[in-house]
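Grab a pencil and have the structure open beside you. Try each exercise on your own before you read its solution.

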Amino acid sequence: MQRLRDLARLAGPAGFVLTLLSFVLASRLAFALGAYAFLALPFFLFLAVPKKGRMRLLALLCASSFALGAALNLLQSRGKEGEGSFSGLVIDARDSYFLLETFAGRYIVYEEGCLRERFDLVRVEGTAVNLEMAHYEGRFSFEEYLNKKGIYREIEGAEVSSLFAFPFRLRERGRAFLASFEAETGYLVDSLLFGRRDASAATLSLFEAAGALFYLSGSGTLFAAFLRGLEYVLGLKFDRKKSSVSCLGAGIGLSFLYPFKAGIARVLLARGARLFLGRRGKKVPALVPPLVSAALLLAIDFRLALDDGFLLGYAISFAFAFSGFVRHAGWKKRGIYGSLLSLSLILPVLVAGGEFHLLSPLYSLFLAPMVYPFHFLSLLSFLTVPFPRVLDAYAAFLGKAGTFLSKADLALPVPGDPALAVPVYCLLLFLAFLFLESGARLFFRGTVLVGLALGALNYVPLANLALAKVTFIDVGQGDAILLSSGMHNVLVDTGGNLSFDMAEEVLIPYFRKERIYRLDALILTHGDFDHDGAASSLASSFPVGEVIRGPEGFPYSFGEVEIVNLNPLAGASEEENASSLVLSFELCGTSFLLMGDAPKEVEHRLLLEGLSRHDVLKIGHHGSDTSSSYSFLEAVDPSLAIVSCGEGNRYGHPDSEVLSRLKALEIRVRRTDLEGTIELIGSKATGFAL
């Protein structure tokens with residue numbers, strides 16, 4: 001114990017924060033890069049070798065933590081595969097599935113009308129298979145969400161039997177409670193208390209459109225605000241220690257409403273650490289409680305290092321703990337400085353959808369005083385008896401507030417790739433924070449100016465001017481191909497989905513990311529929904545020069561590119577796929593052939609008319625065996641074939657016979673179901689590197 005105290009004294013709280021950061025960094029690198037994450041380990045060892053004393057100790061602590069984080073994420077069990085019996089604990093449940101923790105690993109089990117509760121012990125008979133879920137460019141990936149929780153397999157054909165039912169049935173109690181209210185009230189209460197959101201809820205949609213959905217989501221911030229209010233009330237009658245202990249006890253009791261909620265655990269552990277360490281009247285450094293709680297939570301579940309919400313909560317806690325300019329400011333300025341610091345930290349989250357809501361900073365002043373009481377009343381109603389009239393009226397008031405916000409909202413599109421922009425922003429923010437805290441005001445101003453300059457340059461499509469691109473956008477089971485030459489852009493097909501708006505949620509955010517502000521034309525090869533399902537939405541929500549739906553629009557030129565239609569049956573055949581446009585063009589010396597859904601009948605006609613060789617072939621009909629005959633592939637003789645289809649699609653695309661033909665002809669294949677969006681980049685000087 002004494003050695004641990006000596007180590008803590010020598011390393012200091014800041015040193016242990018660096019150690020935790022090393023663990024988090026290693027976890028995220030191992031998740032993204034696999035074993036390549038260990039290439040960063042020599043950096044820490046290099047820091048340790050020539051140094052002595054504290055610096056060497058910190059480097060070794062960071063190196064050890066980094067190695068542990070990488071190893072845990074690489075060695076974590078992915079669960080056994082194949083048919084068998086799986087017994088374990090339910091760690092989360094929704095209406096259509098539950099997550100199962102076993103000794104072998106974690107699984108997702110789909111169950112219609114699922115009534116499972118957290119902490120239920122169950123046995124599942126079935127077959128464990130690798131996850132295969134549809135993904136779309138830039139859209140939330142449920143498969144990645146599960147992977148970050150350590151789930152890589154699902155159990156098919158599941159037959160579930162209960163071994164032990166946890167006596168506290170929170171989900172059943174919650175359903176009965178929510179049934180007491182009007183539908184919109186129930187949606188809001190469900191979101192705040194149980195963290196579940198329903199896309200059909202009008203008020204939630206209004207808040208989301210205004211970029212303010214955070215305030216209607218159950219979070220550690222709301223829970224902390226509730227405990228602070230409770231502590232203030234208790235402090236009117238009891239001394240500070242008694243009110244703090246009572247408040248912590250109440251918080252622990254309420255935490256059973258939020259099992260496995262990291263934000264709630266963060267608040268309770270930090271409060272508990274502050275009480276325990278300060279029990280002898282000693283002043284506890286502001287950095288220590290969040291440090292202790294973070295270490296405990298990561299020890300319980302190391303996968304939390306992959307949770308963005310978990311990291312954001314602790315980023316704010318550590319920033320306030322380190323920040324002298326906030327803690328030492330006068331009470332009038334402290335709130336302003338604290339709000340600015342919090343806003344700067346959550347900015348990447350606010351712009352995650354490709355746009356920044358300019359009024360978001362004001363929402364905290366406007367919404368927090370309204371939402372916090374609603375959260376308190378909802379919780380009180382759940383713990384006592386429902387009082388629907390009060391909450392229904394309050395929910396109607398919040399709905400009107402959401403309507404006002406959505407109408408008054410001002411949104412600024414934010415271009416650029418978040419994978420690059422967010423790390424650069426975080427680095428600049430760290431440097432600015434460091435310079436401000438150390439009193440280097442000149443360097444602080446310089447860093448801010450550099451950040452503003454980079455932000456302004458981010459809107460200028462400099463790369464687009466010099467490069468040509470052909471992009472096969474990941475729209476799941478469908479086609480959407482973007483042709484770019486300088487500042488000219490043409491989209492061939494849009495994809496389509498019955499569950500969501502493909503234009504609003506996939507295409508337009510992708511255009512923003514690529515700094516594309518207008519389409520010269522939208523070309524629709526034919527009328528199948530997976531090719532033109534988002535056309536009307538895109539044309540009404542994004543600047544489109546013209547829409548071309550038939551062969552009469554060809555040849556079509558944009559910039560220095562001329563697109564021709566090769567299908568003589570286009571628009572003339574009664575069979576939809578046979579009337580599909582077949583588009584050929586040359587860009588930077590590379591020839592492209594886009595087959596749409598054209599079947600073998602069309603391919604045969606093209607061969608009779610003397611089809612020439614093309615460098616890149618977009619395989620017809622998503623790789624179906626109705627297209628891509630051997631003679632056609634042999635005649636086109638492409639260097640690269642692209643298959644645009646959805647992962648795990650119900651049609652079985654691409655067909656194994658088509659893949660065999662491509663392999664026999666030694667044609668390299670790339671697939672959107674395996675890679676996501678495929679981007680081919682070229683220039684006039686070098687052409688396309690295929």
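**Exercise 1: A patch on the surface**

α18 gives three residues to the nonpolar patch, the largest share. Keep in mind that you're looking at a predicted model.

Task: Work out which residues form the nonpolar patch, and which elements give two or more residues to it.

Solution:
- Step 1. List the members: Leu420, Val424, Val450, Leu454, Leu457, Val460, Leu462, Leu465 and Met487. Together they have about 810 Å² of accessible area.
- Step 2. Match them to elements. α17 (418-438), α18 (441-457) and α19 (462-466) each give two or more residues.
- Step 3. Zoom in on one member. Val424 sits in helix α17. Its relative accessible area is 33%, and partly exposed covers the range from 20% to 50%, so Val424 is partly exposed.

**Exercise 2: Into the core**

Task: Find out which helix gives the most residues to the largest nonpolar core.

Solution:
- Step 1. Start with the core itself, which has 34 residues. Those touching the most other members are Phe177, Leu193, Phe223, Leu227, Leu367, Phe374 and Leu398.
- Step 2. Look for the suppliers. At least two residues each come from α5 (170-178), α6 (183-194), α8 (220-235), α9 (240-254), α10 (262-277), α15 (360-383) and α16 (388-408).
- Step 3. Pick the top one: α15, with seven residues.
- Step 4. Check the surroundings of Phe374. Skipping neighbours within four places in sequence, Phe374 is in contact with Leu188, Val189, Leu192, Leu391, Tyr394, Ala395 and Leu398.
- Step 5. Don't stop there! A second, separate core has 28 residues, including Val470, Val490, Phe554 and Tyr556.

Here's the general idea: in soluble globular proteins, nonpolar side chains tend to be buried together.

**Exercise 3: Buried or exposed?**

Task: Decide whether Tyr232 counts as buried or exposed, and do likewise for Asp479.

Solution:
- Step 1. Locate Tyr232, which lies in helix α8. Its relative accessibility is 60%, and exposed means over 50%, so Tyr232 is exposed.
- Step 2. Locate Asp479, in the loop between β8 (468-472) and β9 (481-485). Its relative accessibility is 1%, and buried means under 20%, so Asp479 is buried.
- Step 3. See what surrounds Asp479. Leaving out residues up to four places away in sequence, Asp479 touches several residues, among them Val492, Asp530, His531 and His622.
- Step 4. Look for polar contacts. The Asp479 side chain makes one with the side chain of Lys618 (2.7 Å) and one with the side chain of Ser644 (3.3 Å).

**Exercise 4: Opposite charges**

Task: Track down the salt-bridge partners of Asp301, Glu111 and Arg613, and say where the Arg613 pair lies.

Solution:
- Step 1. Recall that side chains of opposite charge can pair when their charged atoms come close. The count here is 25 salt bridges.
- Step 2. Asp301 pairs with Arg106, their closest N and O atoms being 3.9 Å apart. Asp301 is in the loop between α11 (288-300) and α12 (308-322), while Arg106 is in strand β3, 195 residues away in the chain. Both residues are buried, and they belong to a salt-bridge network with Glu101 and Arg303.
- Step 3. Glu111 pairs with Arg116 at 2.9 Å, N to O. Glu111 counts as buried at 19%, and Arg116 counts as buried at 15%.
- Step 4. Arg613 pairs with Asp637, with 3.5 Å between the closest N and O atoms. Arg613 lies in the loop between α23 (600-608) and β17 (616-618), and Asp637 in the loop between α24 (630-636) and β18 (640-643), so the pair ties together parts 24 residues apart in sequence.

Notes. Residues numbered from 1 in each chain as written. Predicted model: local features only at pLDDT ≥ 70, side-chain atom pairs only at ≥ 80, totals over all residues. Heavy atoms only, no water. Core = buried A, V, L, I, M, F, W, Y, C linked by side-chain atoms within 4.5 Å. Buried < 20%, exposed > 50% of the residue type's maximum accessible area, 1.4 Å probe, protein only. Helix = DSSP H or I, 4+ residues; strand = E, 2+ residues; numbered from the N terminus. Contact = heavy atoms within 4.5 Å. Patch = residues over 30% accessible without salt bridge, like charges linked within 9 Å, V, L, I, M, F, W, Y side chains within 5 Å. Areas by Shrake-Rupley, 256 points an atom, 1.4 Å probe, with all protein chains shown as cover. Salt bridge = Lys/Arg side-chain N within 4 Å of Asp/Glu carboxyl O. Polar contact = N/O pair within 3.5 Å; in protein donor to acceptor, adjacent residues only side chain to side chain.
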